[in-house]
Amino acid sequence: MLQLTRSVSWQALTRLGEVTRNDRIRDYFAADPKRFEKMSLRVGGLFLDYSKHHISDEVMEALVELAEHSALVQRRAQMFSGDIINVTENRPVLHTALRSQTNTPVIVDGKDVMPEIHKTREQIRAFSEAVRSGEWKGFDGQRIRDVVNIGIGGSDLGPNMACRALLKHRHPEINFHFVSNVDGNHIQKVLKRLDPATTLFIVSTKTFSTQETLLNAKTARRWFLEHAGQDADVGAHFVAASTNRKAAKEFGIREENVFEFWAWVGGRYSMWSSIGLPIALSIGYEGFMELLEGAHEMDQHFINAPMAENMPVLMALIGIWYINFMGAETQAIVPYDQALHQLPAFLQQLDMESNGKSVDIFGRPVDYKTGPIVWGETGSNGQHAFFQLLHQGTRYVPIDFIASLKPEPGTEEHHFALITNMLAQANAFMEGSQDGSNLDPHYNCPGNRPSSTLLLDEMTPRNLGALIALYEHKVFVQGVIWNINSFDQWGVQLGKRIAGEISARIDTDVKAFDPSTQGLLALVREHF
Ligand code: F6P
């Protein structure tokens, strides 16, 4: 197989990178009055403007060629049909099946997985309706008023982000809490405010073996037993979303309250599965279905649209342009929407855990950069924190601006200020301080900083679903072009293993660790 960097498209892009570097983005607009129309597109309730990029027509054509000459069409078909594309874990990758709105069979190990998906959706529907209506009772007959999701990584970030984004749709009488950190202060702070008789815990863990989640779940169960119920009552207050039924049952969760999902759902792609249970409890089953429908619509667009008009493909190619040909190291995500304040954290895991790889799918070291460092914060807060560096620092950082167009009733004035601030920033990053009236370099903003603007018509479950699926597919396309496995995370596993070894050996065998770790462990032991 030809090495990526030796391919004709890659070499053409390398040459274009050198000549384009000195172009001014604003000159592209001067040369082409139709640039905005040409470099923007709508998919359902999402509108993407990618005209403020350091990308000429020639570069765009070369990027599209790169995608066309890659294995994308084949790998996309393999993903959707359930072929094993997560080669190191020997698994298919089927989050798209979880949100499928068709009855097209998806075969894994000779069996159609769609009936099981429908069965679990039905379980989520029945349970969420019972809790939301008050029909589900705690041990002393009261309804549930607080739901605590205990999970970490993909078993926290997706539902956490979505519940916050869709807060305005939430059940008015139920509060939602997310506990992830193994730091005991996290769970204690949440428990302090709760009444065990009216609290429901969801233990969200694909494996039911993650140290942080198990420790938090045990602490929650101890708290529950100390303050209220007996062992037999645990079943009315603890449910689980897990592929590991056996371990969930051993924890005391009733068989019928284990919400199943499957090995072929990756943690960071799992909010569409029963890991999304808090979302269904918060916004209702119909809202959860709308979220899935929005994602499915994006899936259909991703499958059917030509490369040059395909939103996830375009976003992936733009990212590749900056990372591989323009020297960018990071990608900033700046939602001008307080409801999306968890989105940068969610996208950080999605992108960095997926594409933070340095060997290709055959295990050979790659000689090009892969996934970017993803970071960000909501606007307008970011303007008063890190935007200075973006305007005048030495780094070159492409930005994704994201906003919802429709204001919440009563927030019109704020919303107008929010959106105009975002547009002003995107304009300023591109144009810089070009009036030339002040020649002091300290005042000079060079501009030519690229950005995309993604607009949601409104923050609805459907549009949020489409937005998240858009980023999932962007990450997938980049992984395919870089020829890496976007669906494993062996680096994370290493840390988990060593944490286990350290706690097992701390009293007996610290010499197994490096001198620095030994020295630090000596200090730690003074406190335990
Ligand atoms: O962070 C690493 C990871 O393995 C993620 O991929 C996963 O989402 C998270 O840990 C939690 O794992 P689990 O759902 O099995 O508790």
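Reader: Where is the place of Arg24?

Author: Arg24 sits in the loop that joins H1 to helix H2 (25-31). Helices (H or I, at least four residues) and strands (E, at least two) are DSSP runs, numbered from the N terminus. Before going on, please note that this is a predicted model, in which local features need pLDDT of at least 70 and side-chain atom pairs count only at pLDDT 80 or more, while totals for chains, interfaces and linings use all residues. Residues are numbered from 1 along each chain as its sequence is written, and side-chain values use heavy atoms, with hydrogens and water left out.

Reader: Is Arg24 buried or exposed?

Author: Buried means under 20% relative accessible area, exposed over 50%, and partly exposed in between (1.4 Å probe, protein chains only). Arg24 counts as partly exposed because its relative accessibility is 25%.

Reader: What does Arg24 touch, not counting residues up to four places away in sequence?

Author: Contact means heavy atoms within 4.5 Å. With those sequence neighbours left out, Arg24 touches Met430, Glu431, Pro446, Gly447 and Asn448. A polar contact is a pair of N or O atoms within 3.5 Å; within protein, one must be able to donate a hydrogen and the other to accept it, and residues adjacent in sequence count only if both atoms are side-chain atoms. Here the Arg24 side chain reaches the backbone oxygen of Pro446 at 2.9 Å. You can also set sequence separation beside distance: Arg24 and His53 are 29 residues apart in sequence, with their C-alpha atoms 9.7 Å apart in space.

Reader: Let's try a histidine. Which side chain makes a polar contact with the side chain of His177?

Author: That partner is Asp146, whose side chain makes a polar contact with the side chain of His177 at 2.7 Å. His177 is in strand S8, and it is buried because its relative accessible area is 11%. Beyond four places in sequence, His177 touches Asp146, Val147, Val148, Asn149, Val190, Arg193 and Leu194.

Reader: And Glu293, which residues is it in contact with?

Author: Leaving aside neighbours within four places in sequence, Glu293 is in contact with Gln101 and Arg462. Glu293 lies in helix H14 (residues 285-304) and counts as partly exposed because its relative accessibility is 23%. From Glu293 to Ala67 there are 226 residues in sequence and 27 Å in space, C-alpha to C-alpha.

Reader: Ala67 takes us to another helix. Which are the buried residues of H4?

Author: An α-helix has 3.6 residues a turn, so residues three or four places apart point the same way. In H4 the buried residues are Val59, Met60, Ala62, Leu63, Val64, Leu66 and Ala67. What covers them includes helix H1 (8-20), helix H5 (72-81), helix H15 (311-325) and helix H19 (461-482).

Reader: What about empty space: how many cavities of 30 Å³ or more does the structure hold?

Author: Rolling a probe the size of a water molecule over the atoms shows where empty space is left. On a 1 Å grid over the protein atoms alone, a cavity is a set of points where a 1.4 Å probe fits but cannot get out, and a pocket is an open set with protein on both sides within 12 Å along at least five of seven lines; lining residues have an atom within 4 Å of a point. Grid points are joined across faces, edges and corners, and a volume is the space filled by probe spheres set on the points. This structure holds five cavities of 30 Å³ or more. The largest cavity has about 80 Å³ of space, and its lining includes His53, Met315, Tyr322, Asp400 and Lys474. H15 and H19 are the elements that give two or more residues to that lining, with the largest share, four residues, coming from H15.

Reader: And the second largest cavity, what volume does it have?

Author: About 60 Å³. Among the residues lining the second largest cavity are Leu98, Arg121, Trp262, Trp272 and Phe288, and helix H7 (residues 114-133) gives the most, four residues.

Reader: How many residues line the largest pocket?

Author: The largest pocket, with about 840 Å³ of space, is lined by 37 residues, of which Thr207, Thr210, Gln489, Gln493 and Lys496 lie nearest its centre. H20 supplies the largest share of that lining, seven residues. For the second largest pocket, the volume is about 540 Å³. Its lining has 25 residues, with Arg164, Leu167, Asp337, Gln338 and Ala339 nearest the centre, and H8 gives the most, four residues.
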